[in-house]
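Colleague: Got a minute to go through this model with me? I'd like to talk charges and packing.

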Amino acid sequence: MAGDHLQVLDALDTAKTQLYHFTTILIAGMGFFTDAYDLFSISLITKLLGRIYYTTNLNAPKPGTLPPKVSSAVTGVALVGTLAGQLFFGWLGDKMGRKKVYGLTLILMIVCSIASGLSFGKSPKGVMATLCFFRFWLGFGIGGDYPLSATIMSEYANKKTRGAFIAAVFAMQARTGFGILTSGIVALIVSAAFDHAYNAPSYADNAAGSTVPEADYIWRIIVMFGALPAALTFYWRMKMPETARYTALVAKNAKQAAQDMAKVLNVDLEAEEEKVEKYADKSSNSFGLFSREFARRHGMHLLGTTSTWFLLDIAFYSNNLFQKDIFTAVGWIPKPETMNAVHEVFRVARAQTLVALFATVPGYWFTVAFIDIIGRFTIQIVGFFFMTVVYVCSGVSLRSLDEEGQQDRVRDNRGRRGAIIGAFGFLYAAQPKDPSKRDHGYPAGIGIKNTLIVLGCVNLLGLFFTFLVPEAKGKSLEEMSGENEGEQTAQGDGSNRTVPA
């Protein structure tokens, strides 16, 4: 088996952890950081957008909110773009190479982050239409960055600590990492500065004066800040060499792969053109994604991987949309009429930042530390189990809250947020049946408490589908996919299943 291996790939798999690993984590992680910031900062400003552009009746008991269709579009259109971008740039990355496409996605993210904050016009329709347009293309770039960042890190990592390195890249995103934390901190700083400068009255005291004209700058600054980390990363991304696995195995350029990795690893490597040609001619490596051979080898693994990620995303993104309502229910955020527009941004950002800082960030970095020790399978099972418990218990607690009128017992409701279904479906599902408690313009839903219980069931399904994904701890990418021996079986799980890539 060792004789068929390319020296450059063996060198990557067995390399000691060194500076280039951490450099790659930072460069790839900044992409995830930007992705998360851009996707989730929108939840911090939706209430402000409603106050600025949809407060049409100053005699109403509450300030204006985004209409249902507008709220769904503003929040979910970037996720639609993300789905399209994943498919397009994932395909393009296999055709043109990771490095070239990596630069394209970053440029698109920078331009669209800035353009989103410069949304044209002053009318609600004009601003929302251009905001949604640019957020779609922002999501398109983000969608391309997701698979490329993860692929680049996995192809650069050694097999001993690959799990930790990939986890560290993912730790830069969303509520599980620094992206959402930074979006909350930026929102806190900007809103605190404006609140101090203008000191507007609450809506109940003075409806017209509670939203100062300068509040329109707040959401624009928060949105445009997402371009900064992407811009800072661009130079270093362009300096990275193409991954050796793409150069050698896809582009079939063994000499270039050896030269690139020799510089990275600071070792002498042979080109081994004959081995690359032999590898390319192997019939066991020539089957396509939709072939029977792929289905036989990896069909169940693909089902397990895609289904668990899909189910996680439903929970992950959906709670992002109604967590501000949970914060209000448990007393973390006062009722909107008791605050001015700027202070409401501050209170929402503070609540979200505290949850991220003291709950999910430590949990995620625990995974980074132990994923290559206890394995991916165990961590995923435990993660889905506890999310199921948290969601169901939170729903039951909120049910008790409604029945007993108490608040202090449920101050720890939190969870993940999830994909397009979460963005559109659960936005409506979380609406209460009582019209007096419902957001203006929304139909009756099943309420937050029942929505949380449904999301608990979603996570339970994710736990079951995890059993289709075998352990990959300590294996190289070629060992997992069976590319070197036609069909390599899993080691250490007591089965004869083929391990997926």
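Colleague: Which side chain of opposite charge is nearest to Arg 347?
Modeller: Asp 195, at 8.8 Å. Arg 347 is buried yet has no salt bridge. Lys and Arg count as positive, Asp and Glu as negative; His and the chain ends are not counted. A salt bridge needs a side-chain nitrogen of Lys or Arg within 4 Å of a carboxyl oxygen of Asp or Glu. Buried means under 20% relative accessible area, exposed over 50%, partly exposed in between (1.4 Å probe, protein chains only).

Colleague: Where is Arg 347, and what does it touch?
Modeller: Arg 347 sits in helix 15 (residues 341–374). Leaving out residues up to four places away in sequence, Arg 347 touches Trp 332, Ile 333, Pro 334 and Met 339. Contact means heavy atoms within 4.5 Å. Helices are DSSP runs (H or I, at least four residues), numbered from the N terminus.

Colleague: Any ground rules on the numbers?
Modeller: This is a predicted model, so local features need pLDDT of at least 70 and side-chain atom pairs count only at pLDDT 80 or more, while totals for chains, interfaces and linings use all residues. Residues are numbered from 1 along each chain as its sequence is written, and side-chain values use heavy atoms, with hydrogens and water left out.

Colleague: How many salt bridges are there by that rule?
Modeller: The count is 2. Glu 344 pairs with Arg 51, with the closest N and O atoms 2.7 Å apart. Glu 344 lies in helix 15 and Arg 51 in helix 3, so the pair ties together parts 293 residues apart in sequence.

Colleague: Is Glu 344 buried or exposed?
Modeller: Buried, with a relative accessible area of 3%. Arg 51 is buried too, at 3%.

Colleague: What about the salt bridge of Asp 216?
Modeller: Asp 216 meets Arg 220 at 2.9 Å, N to O. Both lie in helix 9, 4 residues apart, about one turn of the helix. Asp 216 is buried at 18%, and Arg 220 is buried at 12%.

Colleague: Switching topic. Where does Ser 210 lie?
Modeller: In the loop between helix 8 (178–198) and helix 9 (216–224). Ser 210 is buried, at 1%. Its side chain reaches the backbone oxygen of Ala 207 at 2.9 Å. Beyond four places in sequence, the contacts of Ser 210 include Arg 51 and Tyr 203.

Colleague: And how many residues of helix 6 are buried?
Modeller: 24 of the 33, so helix 6 is largely enclosed by the rest of the structure.

Methods:
Helix = DSSP H or I, 4+ residues; strand = E, 2+ residues; numbered from the N terminus. Polar contact = N/O pair within 3.5 Å; in protein donor to acceptor, adjacent residues only side chain to side chain.
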